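Trainee: Could you take me through one part of this model slowly, and show me how it sits in the whole chain? I would like to follow the reasoning at each step.

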Amino acid sequence: MDFVLFAKGIIAGFVIAAPVGPVGILCAQRTLAKGIPAGLIAGSGAAIADTIFGAVAAFGLTFIAGLLIQIENWLRLGGGILLLILGLLTILKKISPSEEPKRSLTRTAGDFASTFVLTITNPMTILSFSPVFLAVGAIVPQGDLPRAWTLILGVLAGSSLWWLTLCALASLFRQKLSLSRMQIINRISGGLIIVFGLLVLASVTSLGKQLFDLVPL
């Protein structure tokens, strides 16, 4: 394995995942509400989606990237609606004194799927990888599959490292939160997620596209 290329992949994955957005808010909220395992599961959904986009960029699968860009509006529409639903559910969620974070297959799958879908419905992430790969010098010759896979594994490790860091930081505050404060955090995080959802939906409109061309969402 080319460990230098692997390290560059880690840097690229970390840089792509790090910007704060709705997925970051969801992961932090899941950690505060249910504990660090739930936050890590949510983060892994985003990490897998980032890795898929990284693979498209690393393997030079331009036809897949082009297809995703072509259906970008539909992906954004779906992602925006999902954000509104998740934000509303977060705001309306009631926390009881006896509530303990119990893991189940359904809840685990839900935590994973929500962040995976939100990340994968933003095809602009693909366009972010190429300049980041160039910036860190992670260049893979076309057809060099072993080096491409090394880079992709690095991206997965880097993205996972960011979500682990975020969840660990959020968990430090969890034990200090009262039920009333946790309810406030739920409402604030839910409100922010709804705002992100509205922005994503606005970006589908012609006026929204003109505005977001200045600051891409």
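Mentor: Happy to; we will begin with the whole chain, look closely at helix H2 and its partners, and end at the N-terminal helix. Please keep in mind that this is a predicted model.

Let's start with the overall picture. The protein chain has ten helices and zero strands, so its elements, read from the N terminus on, run α-α-α-α-α-α-α-α-α-α. Of its 217 residues, 39% are buried. The accessible surface comes to about 11,400 Å², and carbon and sulfur atoms account for 74% of that area. Contacts also reach across the sequence: taking those between residues at least 6 apart, 87% join residues at least 24 apart.

Now for the close look. Helix H2 covers residues 22–34, and glutamine 29 is one of the residues in H2. Is glutamine 29 buried or exposed? Its relative accessibility is 5%, and since anything under 20% qualifies, glutamine 29 counts as buried. Setting aside neighbours within four places in sequence, glutamine 29 is in contact with Thr90, Asn186 and Ser189.

Let's follow that last contact to the other side. Serine 189 lies in helix H9, which spans residues 179–202. With a relative accessible area of 6%, serine 189 is also under the 20% limit and is therefore buried. Leaving out residues up to four places away in sequence, serine 189 touches Ile25, Gln29 and Thr90. Thr90 thus appears in the contact list of glutamine 29 and again in that of serine 189.

H2 has another partner to consider, helix H3. The axes of H2 and H3 come within 6 Å of each other and cross at roughly 160°. Because angles over 145 degrees count as roughly antiparallel, H2 is roughly antiparallel to H3. Their crossing is right-handed. On the H2 side, the contact is made by Val23, Cys27, Arg30, Thr31 and Lys34. On the H3 side, Ile36, Ala38, Gly39, Ala42, Gly43 and Ala46 take part.

H3 also lets us do a simple length check. It runs over residues 36–58, which is 23 residues. At 1.5 Å a residue, H3 should span 33 Å, and its end C-alpha atoms are 31 Å apart, which agrees. After H3 comes glycine 60, whose phi is positive, near 65°.

For a second helix pair, look at H1, residues 3–17, and H7, residues 124–136. Their axes come within 10 Å and cross at roughly 140°. That angle falls short of the 145-degree limit for roughly antiparallel and lies outside the other named ranges, so H1 and H7 are oblique to each other. This crossing is right-handed. Here Lys8, Ile11, Ala12, Val15 and Ile16 of H1 meet Thr125, Ser128, Phe129, Val132, Phe133 and Val136 of H7.

Let's finish with valine 4, which is also in H1. Its relative accessible area is 55%, and because the limit is over 50%, valine 4 counts as exposed. How far apart in space are valine 4 and glycine 154, which are 150 residues apart in sequence? From C-alpha to C-alpha, valine 4 and glycine 154 are 9.9 Å apart.

How values were computed: Residues numbered from 1 in each chain as written. Predicted model: local features only at pLDDT ≥ 70, side-chain atom pairs only at ≥ 80, totals over all residues. Heavy atoms only, no water. Helix = DSSP H or I, 4+ residues; strand = E, 2+ residues; numbered from the N terminus. Expected span 1.5 Å × (residues − 1). Buried < 20%, exposed > 50% of the residue type's maximum accessible area, 1.4 Å probe, protein only. Contact = heavy atoms within 4.5 Å. Areas by Shrake-Rupley, 256 points an atom, 1.4 Å probe, with all protein chains shown as cover. Axes fitted to C-alpha atoms, helices over the stretch in contact; angles between N-to-C directions. Parallel < 35°, antiparallel > 145°, perpendicular 65-115°, else oblique. Left-handed = near helix turned anticlockwise from the far one by under 90°.
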